[in-house]
Amino acid sequence: MNDYRIPGALIRDHMVTVPLDWSRPDGATIKVFAREIAAPDGNDRPLLVYLQGGPGGKAPRPGGGAPGWLSVALKRFRVLMLDQRGTGRSTPVQGRAFAAMSAEEGAHYLSCLRADSIVRDAEHLRKAVFAGQKWFTLGQSYGGFLTLSYLSQAPEALLGCYITGGMAGIRSTADEIYRRTYPRVADKNRQYFRRYPQDQAVLNRVADILADQDIRLPDGDRLSVRRLQYLGMDLGMSDGFESLHWLLDEAIADDGQLSDGFLGRMREATSFDQNPLFAAIHESIYAQGQATDWAAERVLGEFPEFAASKRPLLFTGEMIYPWMFDEIRALRPFAPAANALAGMPLNAPLYDLDRLAANEVPVTAAVYTDDMYVDQDLSLQTARGTGNVRLWLTNEYEHNGLRASTRVLERLFDMEDGLDGFNQYSR
């Protein structure tokens, strides 16, 4: 445990050792790290565990660049930033380690990084470091999925939960998720090109160059049309349209070829250097008793308008495809494991529907009607099937509303008035 100060906060670091596979407690172990952040006055406040979006993303770091919601939360809570297993300082996955594993070994390792294990890590941390005191959670995006798993596995640990853009479709298969996602991505394309109609011709020109020439990124990877399409991943963010527009604005150099700056930014946007785990386990977060079998790739065939050969070209979105593990350098070491994981039935239960229906832990949740990543209808179904939920349905924000505006968390705090269980502890 390490205590120190940074401007605006008191920090305490925590590290625990847990089994890689919780069903084999005497087997290999990993480290799980969490950073406790308190307001400078040091007052003892309830604990709020932040469950990061992703999957595969580390928790935000305090200080410069910290999310605005953190200052709001610190007025009521001590905030525990949990690096979910495989990320940040929690034994992060390394390509060199996976390159030395067999496909089966790698797939098993990846299968141990899902929600059920993350919840068990949090519970071990709560009991071993915080003497079993109950706490609150704040789940953004995938962190909301984790919240529902937490409510399924250990509701007795929780005083209350806040969810933003993360009411998962708890009954849905990966195939259903992507059948709903592709039309939403197509709609975001339409909105984008209505705002920037000139960009369609630029995008088509870039795609034609890539289809005709062997264009290399600064790291040596070939830039393909389908990798270009993956830029649509950000279309569901509040600043996504603008960041994409300014990227395309400088894509073509005066000689009619792709500019060096564009290629450099393409590498940064699509390399997965900082987060290979996002790609490696992405589809597995939807698997409940079945193999995903590269669902996004299979379902893509039902939406020919997204074909790389199609003009006008469309961007894709939050889909991971098997070709990425061949074309993207940072993902190649994970290819055998990712392919084996896609064919592995994943039977560890993520959600307990009966327990959720009988839930008594107070939950306030923001559902974004224009969310490109998490389907509104599935979110509402989950909310209706979960007890003691108060819902805020809004089109004021995109999926990253929590990061984009402090008002989102402030609104969730306002909503807790009168909801059984909140006021006693969080005020």
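Two strands count as paired when DSSP finds at least two bridges between them, and with that in hand I can start on β4 and β5, which run parallel and are joined by four bridges. Before going further, I should say that what we are looking at is a predicted model.

Let me stay with β5 for a moment. In the pairing with β4, V49 has L80 of β5 as its bridge partner. On another side of the story, strand β3, residues 29-38, pairs with strand β5, residues 78-83, in the antiparallel sense, and this pairing runs over five bridges. Within it, I37 is bridged to V79 of β5, and E36 stands opposite L80 of β5. As for how enclosed β5 is, six of its six residues are buried, so that the strand is mostly covered. Both of its faces are covered, with R78, L80 and L82 buried on one side and V79, M81 and D83 buried on the other.

Moving along to β3, we find that strand β2, residues 9-19, pairs with β3 in the antiparallel sense over 10 bridges, and that M15 stands opposite F33 of β3 in that pairing. Why is β3 described as largely enclosed by the rest of the structure? The description holds because eight of the 10 residues of β3 are buried.

These strands belong to an open sheet of nine strands with mixed pairing, and the order across it is β1-β2-β3-β5-β4-β6-β7-β8-β9. The edge strands are β1, residues 2-6, and β9, residues 389-394, each of which pairs on one side only. From one strand to the next, the twist averages 20°. Helix α5, residues 142-153, lies across β4, β6, β7 and β8 of this sheet, and runs at about 140° to β6.

Now to a residue that I would like you to look at in the viewer, namely E36, which is found in strand β3. Is E36 buried or exposed? Its relative accessibility is 7%, and because the cut-off for burial is under 20%, E36 counts as buried. Its side chain is joined to the side chain of R78 by a polar contact of 2.8 Å. Leaving out residues up to four places away in sequence, E36 touches a set of residues that includes L10, I11, R12 and H14, as well as L47, R78 and F130.

A second charged residue to examine is D221, which lies in the loop between α7, residues 198-212, and α8, residues 225-229. D221 is buried, with a relative accessible area of 2%. Which side chains make polar contacts with the side chain of D221? One is that of R227, at 3.1 Å, and another is that of R332, at 2.8 Å. Residues up to four places away in sequence being set aside, D221 touches I215, R216, R227, E327, I328, R329 and R332. The C-alpha atoms of D221 and D326 are separated by 9.8 Å, although the two positions lie 105 residues apart along the chain as a separation in sequence.

Let me turn to the nonpolar interior. The largest nonpolar core has 118 residues, and those with the most contacts inside it are L228, F262, M324 and F325. Helix α6, residues 174-195, gives the most to this core, with eight residues. There is also a second, separate core of 29 residues, which includes A39, Y50, A59 and V408.

F262 leads us to the last part, which is a pair of helices. Neighbours within four places in sequence aside, F262 is in contact with V206, L223, L228, L247, L248, E250 and A251. Two packed helices are described by the angle between their axes and the distance between the axes. For helix α9, residues 240-249, and helix α10, residues 260-270, the axes come within 9 Å and cross at roughly 145°. From α9, the residues S243, W246, L247 and L248 meet F262, R265 and M266 of α10. Sorted by class, this contact has five nonpolar residues, one polar residue and one charged residue.

To close, I would ask you to keep two places in view: E36 with its polar contact to R78, and D221 with its polar contacts to R227 and R332.

Conventions: Residues numbered from 1 in each chain as written. Predicted model: local features only at pLDDT ≥ 70, side-chain atom pairs only at ≥ 80, totals over all residues. Heavy atoms only, no water. Axes fitted to C-alpha atoms, helices over the stretch in contact; angles between N-to-C directions. Helix = DSSP H or I, 4+ residues; strand = E, 2+ residues; numbered from the N terminus. Contact = heavy atoms within 4.5 Å. Nonpolar A, V, L, I, M, F, W, Y, C, P; charged D, E, K, R; others polar. Buried < 20%, exposed > 50% of the residue type's maximum accessible area, 1.4 Å probe, protein only. Polar contact = N/O pair within 3.5 Å; in protein donor to acceptor, adjacent residues only side chain to side chain. Core = buried A, V, L, I, M, F, W, Y, C linked by side-chain atoms within 4.5 Å.
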